[in-house]
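Visitor: I should like a close look at a single part of this chain and at how that part sits within the whole. Please take me through it in one connected account.

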Amino acid sequence: PLGFAMMEDRRKLTRDLLQIRVMLEPPIAALAAQNADEEDIKKLEEILLEVEELIRRREDYSQKDSQFHAQIAACSHNTVMSNLVPVITDGVRVFASAVRETEYDQTLVSHRAIFEAIRDKKAVEAQQAMYFHLMYNQNRYLMEQNS
């Protein structure tokens, strides 16, 4: 939708998408903690449990991971972010396939921390947990590219 498929340098595109996620998604998590209603939280937890089950089975959870992040954006009740975040997360999922080792354990811990902060209406904690999660992923991707 944003012309990602037409960009030739996939590595640069992935780096740029990861950078944008670090800038946008932590404040979105904070908004989600402030604005999510009961139904939003229930849906987020359902997706989280599906991600956790896939991780326990060591299966590909990338599509559910994208849904988790998209639901956080939906929880923010910001229509621009609800439409933008899925495009960005799907772009990273498609183009970051160069990372050889899937990080199951850190994702499990990070997603749970993000969910609990949103559920408990702790905006600062949600923002920090999301920032940590994204920075960890960005650093892994960059280290993989440099090795």
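Guide: Helix α3 is followed by His77, whose phi is positive, near 60 degrees. This value belongs to a residue other than glycine. Most residues other than glycine have a negative phi. The position of His77 is the loop between α3 and α4. With a relative accessible area of 46%, His77 is partly exposed, because a residue counts as buried only under 20% and as exposed only over 50%. The model in which these features are seen is a predicted one.

The helix before this loop, α3, has 14 residues, which should span 20 Å at 1.5 Å a residue; the end C-alpha atoms of α3 are 20 Å apart, so the two values agree. The buried residues of α3 are Asp65, Ser66, Phe68, His69, Ala70, Gln71, Ile72, Ala73 and Cys75. Two of these names, Phe68 and Ile72, return in the largest nonpolar core, where they are among the residues with the most contacts inside it, together with Leu44, Ile114 and Ile118. That core has 31 residues. Each of the helices α1 (10-35), α2, α3, α4 (79-95), α5 and α6 (123-146) supplies at least two residues of the core, and α2 gives the most, with 7 residues. In soluble globular proteins, nonpolar side chains tend to be buried together.

From the core the account passes to α5. One of the core residues with the most contacts, Ile118, is also among the buried residues of α5. Leaving aside neighbours within four places in sequence, Ile118 is in contact with Ala29, Ala32, Ala33, Ala36, Ile41, Leu44, Ile72 and Ala126. Ile72 in this list is one of the buried residues of α3.

Helix α5 has 16 residues and reaches 22 Å from its first C-alpha to its last, close to the 22 Å expected at 1.5 Å a residue. The buried residues of α5 are Tyr104, Gln106, Thr107, Ser110, His111, Ile114, Phe115, Ala117 and Ile118. They cover an arc of only 170 degrees around the axis, and therefore lie on the same side of α5. The buried residues of α5 pack against α1, α2, α3 and α6.

Just after α5, Lys121 takes a positive phi of about 60 degrees. Lys121, too, is a residue other than glycine. The loop between α5 and α6 holds Lys121, and the residue is partly exposed because its relative accessible area of 43% falls between the limits of 20% and 50%. A positive phi near 60 degrees is thus recorded for the residue that follows α3, His77, and for Lys121 just after α5.

An aromatic pair also involves α5. The structure holds 2 aromatic pairs. In one of them, Tyr61 and Tyr104 are tilted, at 5.8 Å centre to centre and with 55 degrees between the planes. This pair links distant parts of the chain: Tyr61 is in the loop between α2 (38-56) and α3 (62-75), whereas Tyr104 is in helix α5 (residues 104-119), 43 residues apart. Both tyrosines, Tyr61 and Tyr104, are buried.

Two further positions place α2 and α6 in this picture. Lys42 belongs to helix α2 and is partly exposed, with a relative accessible area of 48%. The C-alpha atoms of Lys42 and Arg119 are separated by 9.0 Å, although the two residues are 77 residues apart along the chain. In helix α6 lies Gln138, which counts as buried because its relative accessibility of 13% is under the 20% limit. Leaving aside neighbours within four places in sequence, Gln138 is in contact with Arg15, Leu18, Gln19 and Val22.

Finally, the whole chain gives the setting for these details. The secondary structure comes to 6 helices and 0 strands, and from the N terminus on the elements run α-α-α-α-α-α. Buried residues make up 44% of the 147 residues. Of the contacts with a separation of 6 or more, 81% are between residues 24 or more positions apart. The protein chain exposes about 8,200 Å², and carbon and sulfur atoms supply 52% of that area.

How values were computed: Residues numbered from 1 in each chain as written. Predicted model: local features only at pLDDT ≥ 70, side-chain atom pairs only at ≥ 80, totals over all residues. Heavy atoms only, no water. Phe/Tyr/Trp six-rings, centres within 6.5 Å; stacked < 30°, edge-to-face > 60°. Helix = DSSP H or I, 4+ residues; strand = E, 2+ residues; numbered from the N terminus. Buried < 20%, exposed > 50% of the residue type's maximum accessible area, 1.4 Å probe, protein only. Contact = heavy atoms within 4.5 Å. Areas by Shrake-Rupley, 256 points an atom, 1.4 Å probe, with all protein chains shown as cover. Core = buried A, V, L, I, M, F, W, Y, C linked by side-chain atoms within 4.5 Å. Expected span 1.5 Å × (residues − 1). Arc of directions from axis to C-beta.
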